[in-house]
Amino acid sequence: MKSFYITTAIDYVNSAPHLGHAYEKVLTDVIARFRRQMGDKVYFLTGTDEHGQKVQASARKQGIEAQAFVDKTAAEFRSLWDRLGVSYDDFIRTTEPRHKQVVRDLLQKLFDAGEIYRAEYRGFYSTRQEQFLQEKDRLPDGSWPELFGEVTEIVEPNYFFRLKKYQDWLIDFLTKNEDWIFPKYRQKQVLEFLKEPLNDLCISRPKERLEWGIPLPFDEGYVTYVWFDALLNYYSAVVDKGLWPADYNLIGKDILVPPHAVYWPIMLHACGLPPPKHLLVHGWWLQSGAKMSKSTGGAVNPLDLIAQFGVDAFRYFLIREMNVGQDSEFTIEQFLVRYNSELANNLGNLVNRTLNMTTRFAAGVLPAAEVVEAPERELHELWAKTRDEVIPLCEGFQFHTGIERTIAFVTATNAYIEKRAPWKLGKSATPEDQALLRTALATMAEALRLAVALLQHVVPGTTEKINAVLGHQPGPDWRSELQWGSKLNGSKVAAALVLFPRPATPDKPA
Ligand code: MSP
C-alpha cells in the first residue's frame, strides 16, 4: 500500500471560519477520499494556528486569557470540519505540548549549528501581517500599502535565521524539481521572487511586545515568530510516525511566497530534513472581485448554507465550481443554479424515477437486464468513457471537470429513460416489451449506482444514501465498483428518497 500524507494550512483562530477556509478543508478531504478509494494508505492532517499578535489582540479585546480564547475558537473550527465530513486523521493545535516541544528542539538544534544568530534589528513592523517590512514594500509615494495596517518603526536585538545562505540551494532545488508546485506556473513566480537577494529571517519577538508564542529555548525573553512555529506543524504532528516528507502541503495562493515556497523548504533543509514532495496551491473565493475575508465583511458562514441546503450540496458546489488553482466568485445565484440544475433536477430526478418506476413496475425488486440494443449500448459506452476520463482528471486535481463529465453521464441516463419510456412499456403485455421494461429498470439503476460511485469522494453522504435505497452494499474495492455489471439484480429498493428538497430559484430560495 502506498502511503499518502496530505496536510491543509492551519487556520488562524482569531475569527470564525468562513467559506474560504472551508473550501480548503473540503478540497483536501476530496483528495484524501479519492486517494483512499485508489488504494493509498492516506494520512490527513489539519489543525489550527494559535499563536501570534492577532490572536493575542483578539483575546484581549474579549477580555479573556489567550488560552481560553483559542480553546473556544479552535473547537469551532474543528466542529465545522466534523460537520462537513472532513475525514482528517489528526488535528494539530500549535499550543499543544507535542508541537511546542518539536519547535523548541529544532530551534535549539539550529542555534547550536550556528544557523540562528543574534543581531540588532531596526525596521518597520506591520502588526496586521505580523511581519517586518522592507523598503521595497512601500508605495511609490512612500506610504505603506493598506494591507499592512498600522506600521511602526522598531529598534531591538533579535534572533535571525540564516535564510540568505540557502538562496542558491533553493533556486537549484526548484530548477531541478519543476513539478514541485501545482499549478506549475506558480513555481515560476517563486523563481521570479528569488531573483532579488533574500534577507535573513527575523524569527524572534521580544516578550514585552508579544507574550503569546513559543519561548525560544536559548533565550526565554523572546517568543518564536508565528510563521516559524506554524510551518513546523506539518512535521511535528508526524514526528513519531515516520511519515515525513508530506506528499502534499495544500495552501492558498496568499501564503505561498515567501512562507511556504521560501522559508519552509529552507527551514527543513537547514534541519537536515527533506522538503515536502509537493505544494498544492489553490486560489481564492472572491466576493465582488475581492478575496473573501472576515475584514472585508459579509464573508459567507458555511453553517448558513449547510442549514439550508445540506452538507453535500455545499461540498458539491465548492468542488464543482472552482478550478483548483484559479479564483472563483461566490454568489448565491450561482449556488442555486448548480443546486437546481445539477443536483435537484438531474441527479435527484434520476433517483426519484428509478425508485418510483421500480416500485410501480417491478414491485420494488430490481430485475436483470435482458436486452442490449442501441440505447443500452450507447449508455454502456458512455459509461466506460466517462470512468476512464474521470479517474485521471481526479488524479490531476481537475475535480470540477470530473464532476461535469459525471453529471453529463447522469443527463444521458435521464435521456435514456425518455427513450425507453418505461411508462409506455408498462402498458404493453408483449414479452418483448416486458423484457425491454425490465432492461430499462435495471439499466437506469445500474447507471445511477455507477454515477454516484464516481461522486463518492465529493458527496459521500449522498452516495451512501443512494446506495442504501438501492439496497446496495459497496465492496471494499472501489475500482471494481466502477464496472458495469449486475450487482443490483434482485435488490429491493426503497419507495422514495428526498435528497435535494424543494428545487429553489434565485427569486424563491428553498
Ligand atoms: N495561519 C496561516 C497559515 C499557516 S500554515 C502553516 C493562515 N491562516 S488563515 O486562516 O489566514 O488562512 C488559512 C487558509 O485559508 C490559507 O490557505 C488561505 O489561503 C485560506 N483562505 C482564506 N481565505 C480564503 C479565501 N477567500 N478563499 C480561499 N481560501 C482562502 O494563513
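Helices here are DSSP runs of H or I with at least four residues, strands are E runs of at least two, and both are numbered from the N terminus. Everything below comes from a predicted model.

**View 1. The ligand and the residues that come nearest to it.** There are 25 residues around the ligand, and I10, E24, D49, D254 and M292 come nearest. Sort that shell by class and you get twelve nonpolar, eight polar and five charged residues.

**View 2. Polar contacts of the ligand with I10, E24 and D49.** I10 uses its backbone: one of its N or O atoms there sits 2.8 Å from a nitrogen atom of the ligand. E24 works through its side chain, where an N or O atom is 2.5 Å from an oxygen atom of the ligand. D49 also brings in its side chain, with an N or O atom 2.7 Å from a ligand nitrogen atom. As for cover, on its own the ligand has 660 Å² of accessible area, and the protein covers 96% of that. Which elements give two or more residues to the shell around the ligand? They are the strands β2 (11-12) and β13 (248-252), plus the helices α1 (19-37), α7 (226-231) and α8 (233-236).

**View 3. The second largest pocket and its lining.** Rolling a probe the size of a water molecule over the atoms shows where empty space is left. In this pocket, the space comes to about 330 Å³. Its lining has 18 residues, with Q37, Q456, P474, G475 and W478 lying nearest the centre. Two or more lining residues come from each of α1, α17 (460-469) and α18 (478-481). The top giver is α17, with five residues. Classwise, the lining splits into five nonpolar, eight polar and five charged residues. Both domain 1 (3-282) and domain 2 (324-481) chip in, with at least three residues from each.

**View 4. Two cis peptide bonds, at P245 and P258.** Most residues other than glycine have a negative phi, and most peptide bonds are trans. The bond from W244 to P245 is cis, with omega near 5°. P245 itself is in the loop between α8 and β13, two elements that also give residues to the ligand shell. The other bond shown joins V257 and P258; this one is cis too, with omega about 0°. Where does P258 lie? Look in helix α9, which runs over residues 256-270.

**View 5. S288 and its positive phi.** S288 isn't a glycine, yet its phi is positive, at about 50°. You'll find S288 in the loop between β15 (285-287) and β16 (290-291).

Note on methods
Residues are numbered from 1 along each chain as its sequence is written. This is a predicted model: local features need pLDDT of at least 70, side-chain atom pairs count only at pLDDT 80 or more; totals for chains, interfaces and linings use all residues. Side-chain values use heavy atoms; hydrogens and water are left out. A residue is near a molecule or strand if one of its heavy atoms lies within 4 Å of it. A polar contact is a pair of N or O atoms within 3.5 Å; within protein, one must be able to donate a hydrogen and the other to accept it, and residues adjacent in sequence count only if both atoms are side-chain atoms. Accessible areas come from the Shrake-Rupley method with a 1.4 Å probe; for residues, only the protein chains shown count as cover. Ala, Val, Leu, Ile, Met, Phe, Trp, Tyr, Cys and Pro count as nonpolar, Asp, Glu, Lys and Arg as charged, and the others, Gly among them, as polar. On a 1 Å grid over the protein atoms alone, a cavity is a set of points where a 1.4 Å probe fits but cannot get out, and a pocket is an open set with protein on both sides within 12 Å along at least five of seven lines; lining residues have an atom within 4 Å of a point. Grid points are joined across faces, edges and corners, and a volume is the space filled by probe spheres set on the points. Domain bounds come from an automatic or database domain assignment.
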